[in-house]
Structure formats: structure tokens, C-alpha cells
Amino acid sequence: MDLQLEGKTALITGASMGIGRAIAMALAAEGVKVGIAARRSEELNKVAGEIVAAGGAQPTVLRTDLYEADAARKLAQAAQEQLGRVDILVNSAGGSRPVKWDAPSSAWEEGMTLNYTRIQELTSALLPGMVERKFGRVINLTGTNEPRWPNTAFPAKAALHMWAKSISRDLAKLGVTIHCIQPGRIMSEQIYRLHPTEEDRRAFCEREIPMGRFGEPEELANLAVFLASPRAAYMTGTVIPVDGGMYRFAY
Ligand SMILES: NC(=O)c1ccc[n+]([C@@H]2O[C@H](COP(=O)([O-])OP(=O)(O)OC[C@H]3O[C@@H](n4cnc5c(N)ncnc54)[C@H](OP(=O)(O)O)[C@@H]3O)[C@@H](O)[C@H]2O)c1
């Protein structure tokens, strides 16, 4: 299938590692000119080198720290200037923050800043251009609706689901779609942090994942690339798990 992505532009946050990196590489392989954002420039430069070595266009490296107050506005501006426009936004920067029930407000606020507020701000800064051009795709990497323990990322990811669905209603007639993808356990830096030993990883897979293994970032990137494409024009406002069957309920 020709995904009709050739010549589009995309900004991918969290592209130095894991899922964001895999999505950036997969979009570039489809002829998309990508802007890749994260804090670690050396890792971003490595990703850029790999994209070019695989035959993709030279990516725009956008070093950014999304904890900084004005980061979303500055990143949106830099991406639009350097890519010409942003057709596709992939919000992958984020992370799990397991805590105890009595974690201080500052911890909950930190989880919300990275996993919700900056995503909403960055998306809002890029949406007017998408609406004007009558084409836009926003893909948010979120997380589970079935919390097993407290984590400051959980309320933020839930807020993303509600926010994305609500704005999808307004954007639907304007050529702009927005989706949330819920990774189950996809191999990445944070998975090694959460499951540090081989034994722990094996036990979790046997207990929780019907397919009996963690997923690869490329397996999730396949869905993201489809949702980013004009081929997915009749889908919006969805929340889709990529989790080897880990969710226990049908919806
Ligand atoms: N992997 C999973 O199974 C899983 C499960 C549930 C949800 N998710 C969600 O999926 C997304 C991607 O996860 P992942 O597993 O690929 O994570 P990861 O391997 O830990 O990568 C996180 C990415 O976010 C960037 N990042 C973190 N803090 C940042 C900041 N302050 N400013 C700018 N960039 C920042 C990191 O780059 P730098 O460190 O270079 O800044 C990195 O590129 C996240 O939103 C995560 O919550 C993943």
C-alpha cells in the first residue's frame, strides 16, 4: 500500500530513544521529512545519521527540554521555520513515574507537566497551521487505563485521552485527526528502568502479556505511520493499545 506520505513533514518529540526514535525512522522511510526533538543532542545526531544511512532525507535536529516553561512554543516555532511546516506531530516525549500514594504535589505536577501540559501546548501551537492547510495528524503516546499502582504519569495520560477526544470533535471536519496510542510494554530505556533484570522481565511477560513477550518499538511504529498517513482519513479520536493482548477488558 502506498501510504501517500512522500513529501509530508513531521515533528517527533522523544525521538532520541525508544518509541519516538522508531516512529521517526519509520516516517522517514516513507519519504517524510522529520524534525526530531529531545534533550540529548548526541543521541539525536545518531538517529539523524541512521535515517540518512537508510536513505531518508536529512532530519532537522531540535534540541529541547520540555520541562522549560516556554519550551513548547519555542519548539513549535523552530520546527515550523526549519521544516517549512508541520503536517504530522508525534508526541512521544514522556515517561513513567512510579510513586507512593503520599507523593508530594510537586511530583504529581512534574508528571503532569511532561506527560500532559507540554503536549497540549505544543499541539495547540501547531494546530492552526494544520487547519489552514486542511491536513494534519497528531499522535500521542499515552498509557494504560488500568493502573496497578500509583504513577504520576497515569492522570496525565488519562487527561490526554479526554483532551484528544474532545478536540477531535472540532477538528474532524477540518482535515485534522488526533489519536492516542497506548503502549503496553515496548522495549525502551524506561522498560529497562522499570524491569531491570532478565528474571523480572520474564516473570512480567508470563504473568501479564498473553503474547508472552515485550513488543519492539518498530511494531508500534507501524500503527503510528498508518495513522499519520492520508490513508487513515476516516479515523479520529481513537485510543488504541499496542500491548500483545495485555489489556484485560475489551474496552
Ligand atoms: N515503552 C513502553 O512500554 C511505554 C509504556 C507506556 C507508555 N509509554 C509512553 O510512550 C512514550 C515513549 O516511551 P519510551 O518507552 O520510548 O520512552 P524512553 O525510551 O524513556 O524515551 C523517552 C523519550 O522522551 C524524551 N524526553 C524525556 N524527557 C524529556 C524532556 N524533559 N524534554 C524533551 N524530551 C524528553 C527522551 O529523550 P532525552 O532523554 O534525550 O530528552 C526520550 O527520547 C512516553 O510518553 C511513555 O510514557 C511507553
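**Exercise 1.** In this predicted model, determine how far a polar side-chain atom of glutamine 190 lies from an oxygen atom of the ligand, and establish how much of the ligand's accessible area the protein covers.

*Solution.* The distance from a polar side-chain atom of glutamine 190 to an oxygen atom of the ligand is 3.1 Å. Of the 890 Å² of accessible area that the ligand has on its own, the protein covers 94%. Two further distances complete this step. In the side chain of arginine 39, an N or O atom is 2.7 Å from a ligand oxygen atom. For methionine 17, a backbone N or O atom is 3.5 Å from an oxygen atom of the ligand.

**Exercise 2.** Describe the pocket taken by the ligand and the make-up of the shell around the ligand.

*Solution.* The ligand takes up the space of the largest pocket. Two elements, α1 (18-29) and α6 (189-194), each give two or more residues to the shell; α6 gives the most, with four residues. In total, 30 residues surround the ligand, and Ser16, Ile19, Arg39, Ile186 and Ser188 are the closest. Sorted by class, the shell has 12 nonpolar, 11 polar and seven charged residues.

**Exercise 3.** State how many aromatic pairs the whole structure has, and classify the pair of tyrosine 116 and tryptophan 163.

*Solution.* The search finds two aromatic pairs. For tyrosine 116 and tryptophan 163, the ring centres are 6.2 Å apart and the planes stand at 90 degrees, so this pair is edge-to-face. Because tyrosine 116 belongs to helix α4 (residues 105-133) and tryptophan 163 to helix α5 (residues 153-171), the pair ties together parts 47 residues apart in sequence.

Key. Residues are numbered from 1 along each chain as its sequence is written. This is a predicted model: local features need pLDDT of at least 70, side-chain atom pairs count only at pLDDT 80 or more; totals for chains, interfaces and linings use all residues. Side-chain values use heavy atoms; hydrogens and water are left out. A residue is near a molecule or strand if one of its heavy atoms lies within 4 Å of it. A polar contact is a pair of N or O atoms within 3.5 Å; within protein, one must be able to donate a hydrogen and the other to accept it, and residues adjacent in sequence count only if both atoms are side-chain atoms. Accessible areas come from the Shrake-Rupley method with a 1.4 Å probe; for residues, only the protein chains shown count as cover. On a 1 Å grid over the protein atoms alone, a cavity is a set of points where a 1.4 Å probe fits but cannot get out, and a pocket is an open set with protein on both sides within 12 Å along at least five of seven lines; lining residues have an atom within 4 Å of a point. A molecule sits in a cavity or pocket if more than half of its atoms lie within 2 Å of its grid points. Ala, Val, Leu, Ile, Met, Phe, Trp, Tyr, Cys and Pro count as nonpolar, Asp, Glu, Lys and Arg as charged, and the others, Gly among them, as polar. Rings of Phe, Tyr and Trp (its six-membered ring) pair if their centres lie within 6.5 Å; planes under 30 degrees apart count as stacked, over 60 as edge-to-face and the rest as tilted.
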